[in-house]
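Hi,

Here is the structure I promised to send over. Have a look at it first, and then read on for what turned up.

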2 protein chains.
Amino acid sequence: MTNERQYSETELLYYMNEAYAEARKALELGEVPVGAVVVWDGEIVSRAYNRRETDKNALRHAELSAINAACGALHGWRLHKADLFVTLEPCVMCAGACISSRVKRVYYGAKDTRYGGFGGFINLCDHEFNHIPEIYGGIMEDECAALMREFFVKLRKR
Amino acid sequence: MTNERQYSETELLYYMNEAYAEARKALELGEVPVGAVVVWDGEIVSRAYNRRETDKNALRHAELSAINAACGALHGWRLHKADLFVTLEPCVMCAGACISSRVKRVYYGAKDTRYGGFGGFINLCDHEFNHIPEIYGGIMEDECAALMREFFVKLRKR
């Protein structure tokens, strides 16, 4: 972890807003509202949102789908210059995927104290994997957390 | 972890042999030789092998592909009655996928001391996730480890 977040505040908000727009699509489908974009050299190369229920597939988390699409768009499995923006802290599966695909930096919105793999619940960065992304949490935290609350309020009303 | 492995020795060897046959396909492609099958109610519902280099995709580990295909075959994301047989201990991403998809039991061959997520390097079972599979290592361990050695010997000769 360093203090160098690489992007200006405006850029950070721009990319996280794009991830947030993806998360809203998930909410509209009644999915846990998580959205993600992958940025390479300033450009968004993939975007995705959680579709676990819709696709009936446990792997359709926003991050996994975004990383999958980024590998396709970039024709390679090493995302070593790619940054992942995601509205919720990645779960341990998705955190593992960031390690496997060598994502350079992860910027997330709200912390996930139940499943988070980058400090919210467990912290994979505490272990000496061959690659560990830089992690920056709390980007648009209030908006991202509010979206999650909106989902759970709706869920309880069902 | 319990001592109840559910299958007879013959059944365990049968399923792991099927995973091993998948791993050999990976070896033939010059991939790290890992193979997996998912078993539901005694039937193999999916099988896959590592294709990371071939598909240029960091997510194409045998386990992730087998879980992905199993969700498709079973039309659901909850693999709560499914068992995963895999020749190498799952990495943290794939171990996380076993948790996310609620795989019931994981039977693996060789331990992975560099990336393993079920005790070889780190142990996700030490944490109170909402679901933790039962883990049984060392099934056909010698054969699975020999396959890995064969790969690395070939790699060094290239």
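What covers the buried residues of α3(B)? Before I get to that, please keep in mind that this is a predicted model. The cover includes α3 (62–74) of chain A, and from chain B itself it includes β1 (35–40), β2 (43–49), β3 (82–88) and α4 (92–100). The buried residues in question are B:A62, B:E63, B:L64, B:A66, B:I67, B:A70 and B:C71. An α-helix has 3.6 residues a turn, so residues three or four places apart point the same way.

The length of this helix checks out too. With 13 residues at 1.5 Å each, α3 of chain B should span 18 Å, and its end C-alpha atoms are indeed 18 Å apart. Just after α3(B) comes B:H75, which takes a positive phi of about 55°.

Now for how the two chains go together. A turn of 180° with a shift of 0.0 Å along the axis lays chain A on chain B, with an RMSD of 0.0 Å. The two copies are therefore related as by a two-fold rotation axis. Both copies use the same surface, as 100% of the contact residues of chain A recur in chain B. If you want to find the axis on screen, go to A:M93: of the residues of chain A, its C-alpha comes closest, at 2.3 Å.

Next, the inside. The largest nonpolar core has 109 residues, and those touching the most other members are A:L84, A:F85 and A:L124, along with B:L84, B:F85 and B:L124. Take A:F85 as an example: leaving out residues up to four places away in sequence, its contacts include A:Y7, A:L12, A:Y15, A:M16 and A:Y107. A:V37 and A:V39 are also among them.

There is a pocket to look at as well. The largest one holds about 800 Å³ of space. It is lined by 34 residues, and A:V32, A:R52, A:H61, A:D112 and A:Y115 are the closest to its centre. Two or more lining residues each come from α2 (52–55), α3, α4 (92–100) and α5 (141–157) of chain A, and from α4 of chain B. The largest share is that of α5(A), with five residues.

Finally, a cysteine. B:C125 sits in the loop between β4 (105–110) and β5 (134–136) of chain B. Is B:C125 buried or exposed? Neither quite fits: its relative accessibility is 27%, so B:C125 counts as partly exposed. Beyond its neighbours within four places in sequence, B:C125 is in contact with B:F118, B:I132, B:P133 and B:I135.

Cheers

Conventions. Residues numbered from 1 in each chain as written. Chains lettered and ligands numbered in written order. Predicted model: local features only at pLDDT ≥ 70, side-chain atom pairs only at ≥ 80, totals over all residues. Heavy atoms only, no water. Least-squares fit on C-alpha atoms with pLDDT ≥ 70 in both. Contact = heavy atoms within 4.5 Å. Helix = DSSP H or I, 4+ residues; strand = E, 2+ residues; numbered from the N terminus. Expected span 1.5 Å × (residues − 1). Buried < 20%, exposed > 50% of the residue type's maximum accessible area, 1.4 Å probe, protein only. Core = buried A, V, L, I, M, F, W, Y, C linked by side-chain atoms within 4.5 Å. 1 Å grid on protein atoms, 1.4 Å probe; cavity = no way out; pocket = protein on both sides within 12 Å on 5 of 7 lines; lining within 4 Å. Points joined across faces, edges and corners; volume = space filled by probe spheres on them.
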